[in-house]
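Visitor: I should like to learn how to read a protein model. May we go through one together, feature by feature?

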2 protein chains.
Amino acid sequence: MATIHEVARKAGVSVATVSRVLNDRLKVTEKTRTKVDRAIEDLNYEPSVLGRNLRNSESRLLLVMIPSISNPFYSQIINGIEDTAVREGYNIMLCETDSNPEREEIYFSLIRNRLADGIISMDPTVNKKRLQELACTYPIVQCSEYDEDGTIPHVTIDNELAAYQAVRHLIKLGQKKIALLNSDEKFLYARERQQGYEQAMQEFDLPIKKEWIYSSNALEFHSGQQAVRTLMSQADKPTAIFAVSDILAIGALKECNIRGLRVPQDVAIVGFDKISFSNMTHPALTTVAQPMYQMGSISAGMIIRKIRGDNVESVILDHELIIREST
Amino acid sequence: MATIHEVARKAGVSVATVSRVLNDRLKVTEKTRTKVDRAIEDLNYEPSVLGRNLRNSESRLLLVMIPSISNPFYSQIINGIEDTAVREGYNIMLCETDSNPEREEIYFSLIRNRLADGIISMDPTVNKKRLQELACTYPIVQCSEYDEDGTIPHVTIDNELAAYQAVRHLIKLGQKKIALLNSDEKFLYARERQQGYEQAMQEFDLPIKKEWIYSSNALEFHSGQQAVRTLMSQADKPTAIFAVSDILAIGALKECNIRGLRVPQDVAIVGFDKISFSNMTHPALTTVAQPMYQMGSISAGMIIRKIRGDNVESVILDHELIIREST
DNA sequence: ACATGAAGTGTAATCGTTTACAATATAGTG
DNA sequence: CACTATATTGTAAACGATTACACTTCATGT
């Protein structure tokens, strides 16, 4: 628990010199440097980040806000963020909002209190107005989800195109009765993916039936199951399902399995996200891969540049359709 | 970005009084309090955690070290930690070690640099000696994994008993040829669960065959698949599998599905951990539930008490066998 | 030998809080 | 009303670093 003063005394120099040895590496003779180094060694001194942060008025901490830590979609993104952040000398604080505005506000207070230098928001349910407001004062970027008419820089994929290609893939396999398993339309990505679905259906002159569009308000496994129950209770049953999330798709798959519907022979299923579990199911899930690691590392890079005061542009990354056994 | 000085000036009081309004709530008249409150309001002042931390020489940050963020086993634990931590005024930094000692050391440096007040370690591959060393100086607790001959307080379950009960469950169902799908024996929990397995087999006079004990060095989905390939290539094939992790069990299940082996009719499978995906498979997995949320919140409570200087005792929690479709 | 300038080092202010201690105001007592 | 005892408030010193600025050296050219 030595301080810079003790090191200075032991080395017979001033604190300024010790600080210079610690940071600059310029403008200090080899001789004093070794004296200081030895003193540091002897006392096994480590500078206090607390003191340094106060003086530099920065914390080198990044807030990463996600709705739920158990959603595997975010795992790879977080990996990307963390690797880049650590490389640049930042650490991350993972904040689980549970889509709860109160909790959200607690985390926002961390940046107002200077405990964080910037925010990467990935919560689609975040209070958009509040976020815009904060973004005027503090560095904020959005990852994956973003606000259409906001000004916050973001990184995302072309959701509409990705959905379009996924549905086209089903159509090319001869599918005609394709259901959409969507999440709540209040989310931008949900609307965009629905757009892509409709575009593909129209392009190939297939009917868009309201009964085949199922909107679930939660991205839960059970919602996927429920969707299949509803869809398959209809007179005119779909023979393929495009789900906007792997979790929903896995729920749908489970329900098909339970009902003895063979996948892909009786029902073909496409998911979205390529979470790690999507190839552990039987059959493995066809899905749209988002470049999650890259999304993470790019958003980390963006927020760090924004903290430094550079101005940054939004980025749209490429996706990829991963064809596996479920289609 | 107002400071306490500006608030003091605006309210016509000293900084000490402002600070008292902020913290104590005692020993300041109603009149001055309202003056100060109004000034705070007007400037919309928020105290800087940086300054406060330096003065109090604490950061109110907890380090939570896990090998991999994508392992769903940790999700619930982290939820438990976070809820308790936030309630006590702490925030957590999630640190993914990737079981990489270098990375581990980076995170250890955060506590040496006073950027964290304590560590909750959940990494079974952590360098035990290093951890013991640090535990002399800094508050550290272990969650789930721990060191038998160490002195670091920990929270865990009775792995041996849990494994024993899982295997006994299989035996009671009439199973006689039970394979053990273990992870690397360097982990304490692996050795303990193997103990439980062997104890159950012995108690019911069933032979323990070396060929039926498969040790995988990674807790990966693919290891589970590989295990089934190996086990089922033998002349004397097991008819049940006890896996020490759900991920391994899900891998095994997938391989059984591929090979047309019916679960549970041809092969019964038991997993361990009750991760959320364990009931999304077809059939849903019988598994041993660890009280993960509770483990998290208890370890958070422990580390906070330890930071305060209280001394804390290790805790062993109850587990539960969850019987589902795979047995 | 001396002025010059560069290079290296030291002094002290600063970041934004908290808090021991001193100072002052207020209430209570005879 | 004078005098304590007590309740509030203010002053200034920490906490542990960084850094502008001032000061010392010391090699160089004359």
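Guide: We shall take the interface, the salt bridges, the cores and one helix in turn. This is a predicted model, in which local features need pLDDT of at least 70, side-chain atom pairs count only at pLDDT 80 or more, and totals for chains, interfaces and linings use all residues. Residues are numbered from 1 along each chain as its sequence is written, chains are lettered from A and ligands numbered from 1 in the order in which they are written, and side-chain values use heavy atoms, with hydrogens and water left out.

Visitor: How many residues of chain A are in contact with chain B?

Guide: Contact means heavy atoms within 4.5 Å. By that rule, 53 residues of chain A are in contact with 53 residues of chain B. The residues on chain A's side comprise 29 nonpolar, 14 polar and 10 charged. Here Ala, Val, Leu, Ile, Met, Phe, Trp, Tyr, Cys and Pro count as nonpolar, Asp, Glu, Lys and Arg as charged, and the others, Gly among them, as polar.

Visitor: What is the area buried between chain A and chain B?

Guide: Buried area is the accessible area (1.4 Å probe) that two parts lose on being put together, summed over both. For chain A and chain B the value is about 4,700 Å², and carbon and sulfur atoms give 60% of that. On the chain A side, A:Leu50, A:Arg114 and A:Phe277 lose the most area to chain B, together 15% of what that side buries.

Visitor: How many salt bridges are there between chain A and chain B?

Guide: A salt bridge is a side-chain nitrogen of Lys or Arg within 4 Å of a carboxyl oxygen of Asp or Glu. The count between chain A and chain B is 8, while the structure holds 36 over all chains. In one of them, B:Arg112 pairs with A:Glu46, the closest N and O atoms being 2.5 Å apart. This pair crosses between chains, from helix 6 (residues 101-112) of chain B to the loop between helix 3 (30-42) and helix 4 of chain A. Helices (H or I, at least four residues) and strands (E, at least two) are DSSP runs, numbered from the N terminus. A:Arg112 likewise forms a salt bridge with B:Glu46, where the closest N and O atoms are 2.5 Å apart.

Visitor: Is B:Arg112 buried or exposed?

Guide: Buried means under 20% relative accessible area, exposed over 50%, and partly exposed in between (1.4 Å probe, protein chains only). B:Arg112 is buried because its relative accessible area is 16%, whereas A:Glu46, at 24%, counts as partly exposed.

Visitor: Which residue forms a salt bridge with A:Glu148?

Guide: The partner is A:Arg191, with the closest N and O atoms 3.3 Å apart. The two are 43 residues apart and link distant parts of the chain: A:Glu148 lies in the loop between strand 4 (140-143) and strand 5 (154-157), and A:Arg191 in helix 9 (residues 188-203). A:Glu148 is exposed, at 52% relative accessible area, and A:Arg191 is partly exposed, at 33%.

Visitor: Which residues have the most contacts inside the largest nonpolar core?

Guide: A nonpolar core is a set of buried Ala, Val, Leu, Ile, Met, Phe, Trp, Tyr and Cys residues joined through side-chain atoms within 4.5 Å. The largest one has 151 residues, and A:Met122 and B:Met122 have the most contacts inside it. A second, separate core of 38 residues includes A:Met65, A:Leu110, A:Val126 and B:Val126. Leaving aside neighbours within four places in sequence, A:Met122 is in contact with several residues, including A:Val64, A:Tyr74, A:Ile77 and A:Cys143.

Visitor: How many residues of helix 5 of chain A are buried?

Guide: This helix is mostly covered, with 11 of its 15 residues buried. Among them are A:Phe73, A:Tyr74, A:Ile77, A:Ile78 and A:Ile81. Just after the helix, A:Gly89 takes a positive phi of about 85°.

Visitor: Where is B:Gly80 found, and which residues does B:Gly80 touch?

Guide: B:Gly80 is found in helix 5 (residues 73-87) of chain B. B:Gly80 is buried, since its relative accessible area is 0%. Not counting residues up to four places away in sequence, B:Gly80 touches B:Tyr293, B:Gly296 and B:Ser297. The C-alpha atoms of B:Gly80 and B:Ser299 are separated by 8.7 Å, although these residues are 219 apart along the chain.
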